[in-house]
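Trainee: I am new to this structure and would like a close look at a single part. Could you choose one sheet and walk me through how its strands fit together and what surrounds them?

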Amino acid sequence: MLVGNVSGKTILDLACGDGNFSRKFKKKGAKEVLGIDLSEEMIKLAKNKTLQEKLDIKYLVGDVIKLGEIKEFDIVISAFLLHYSKTKEELLQMCKNIYMNLKKGGKFVTLNQSPTNPIKDVKEFGAKVEGLEPLKEGDELTVRLYDNMKEVCSFKTYHWSKNTYETCLREAGFKDIKWSSLSILKEGIKKYPKYNWKKYIHKPYILIIEALK
Ligand SMILES: C[S@@+](CC[C@H](N)C(=O)[O-])C[C@H]1O[C@@H](n2cnc3c(N)ncnc32)[C@H](O)[C@@H]1O
């Protein structure tokens, strides 16, 4: 698992959505998981799904830009959060709030749209991202999500350069910032043979950022 062994760890899942990752961490043995999302609807969904699976996870409605200190967690994760920052100030504020909620030596792991290659049309994977190239700092992108190739919703994200992400993370206090792409597991290719995996491998549109406190 990308975040390493979570057994016995305390985890803060920011922009947790319906709690998909929160539940995975709890099932992998995390001691405590707190999921936070801006959307009341998503938190309701997360609570229902977690109840159905009889897991002990706490959820809160909250904005990471205004989060403040809750407590110091071993790991903070966020699958798709930082690119919602509309301004550099918002991005910096998110990074500061993430840093504040990590213990010393703790790790922040996030998935993010690639700053070098965010535009994509991968409806078969359930998403399309539209924007006007060449992209400039702060440019708006439209993300469309699909279910069985049918659009189900759309929302905006914002384009920031790798340098801007790193500058904000460093200014918040983070060190050892690493970027990497997702590994495509053989099991995944076997399970979804019709997906165009080459599209991701040759030009990853989602990247992982890791940073330490
Ligand atoms: C693409 S979803 C990802 C959900 C989940 N992490 C996953 O991967 O399944 C992005 C989520 O970010 C949340 N979000 C966006 N801006 C946020 C903010 N400022 N604070 C907290 N959550 C935010 C949205 O409400 C949405 O649920």
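Mentor: Happily; we will go through the sheet strand by strand, and then look briefly at its surroundings.

A word on the ground rules. This is a predicted model, in which local features need pLDDT of at least 70 and side-chain atom pairs count only at pLDDT 80 or more, while totals for chains, interfaces and linings use all residues. Residues are numbered from 1 along each chain as its sequence is written.

Our part is an open sheet of 7 strands with mixed pairing, in the order β3-β2-β1-β4-β5-β11-β10. At its edges are β3 (58-61) and β10 (175-181), each of which pairs on one side only. From one strand to the next, the twist averages 15 degrees. Some vocabulary will help here. Strands (E, at least two residues) and helices (H or I, at least four residues) are DSSP runs numbered from the N terminus. Two strands pair if DSSP finds at least two bridges between them. Angles run from 0 to 180 degrees between N-to-C directions, and the axes are lines fitted to C-alpha atoms, for helices over the stretch in contact. As background, strands of a sheet pair through backbone hydrogen bonds, either parallel or antiparallel.

Let us start at the β3 edge. Strand β2 (residues 32-37) pairs with β3 in the parallel sense, over 4 bridges. Among the residues involved, isoleucine 36 has leucine 60 in β3 as its bridge partner. Lying across β2 and β3 is helix α2 (residues 40-52), which runs at about 170 degrees to β3.

Next, look at β4 and its two partners. Strand β1 (residues 10-14) pairs with β4 in the parallel sense, again through 4 bridges, and aspartate 13 stands opposite isoleucine 77 in β4. Strand β5 (residues 102-113) also runs parallel to β4, and 6 bridges join the two. Here alanine 79 has leucine 111 in β5 as its bridge partner. Strand β4 (residues 73-79) is largely enclosed by the rest of the structure, because 5 of its 7 residues are buried. A residue is buried if 20 or more other C-beta atoms, placed from the backbone, lie within 10 Å of its own, exposed if 12 or fewer do, and partly exposed in between.

How does the chain get from β4 to β5? The two strands and helix α3 (residues 88-100) make a right-handed β-α-β unit. Right-handed means that, with the strands pointing away from the viewer, the path from the first strand over the helix to the second runs clockwise. The loop between β3 and β4 holds isoleucine 70, whose C-alpha atom is separated by 8.4 Å from that of methionine 100, 30 residues apart along the chain. Isoleucine 70 is partly exposed, with 14 other C-beta atoms within 10 Å.

Now move on to β11 and the β10 edge. Leucine 212 belongs to strand β11 (residues 206-212) and is partly exposed, as 15 other C-beta atoms lie within 10 Å. Leaving aside its neighbours within four places in sequence, leucine 212 is in contact with Gly105, Lys107, Phe174, Lys175 and Asp176; contact means that the C-beta atoms of two residues, placed from the backbone, lie within 7 Å. Aspartate 176 sits in strand β10 and has a positive phi of about 50 degrees although it is not a glycine. With 9 C-beta neighbours inside 10 Å, aspartate 176 counts as exposed.

The ligand brings us back to some familiar ground. Of the 16 residues around it, Ala15, Gly17, Leu38, Ser39 and Ala79 come nearest, where near means that a residue's C-beta atom, placed from the backbone, lies within 6 Å of the molecule. Alanine 79 is the residue we met as the bridge partner of leucine 111. The shell around the ligand divides into 11 nonpolar, 3 polar and 2 charged residues. In this scheme Ala, Val, Leu, Ile, Met, Phe, Trp, Tyr, Cys and Pro are nonpolar, Asp, Glu, Lys and Arg are charged, and the others, Gly among them, are polar.

Finally, a glance beyond our part. There is also an open sheet of 4 strands, with antiparallel pairing in the order β6-β7-β8-β9. Within that sheet, β7 and β8 pair over 4 bridges, and alanine 127 stands opposite leucine 145 in β8.
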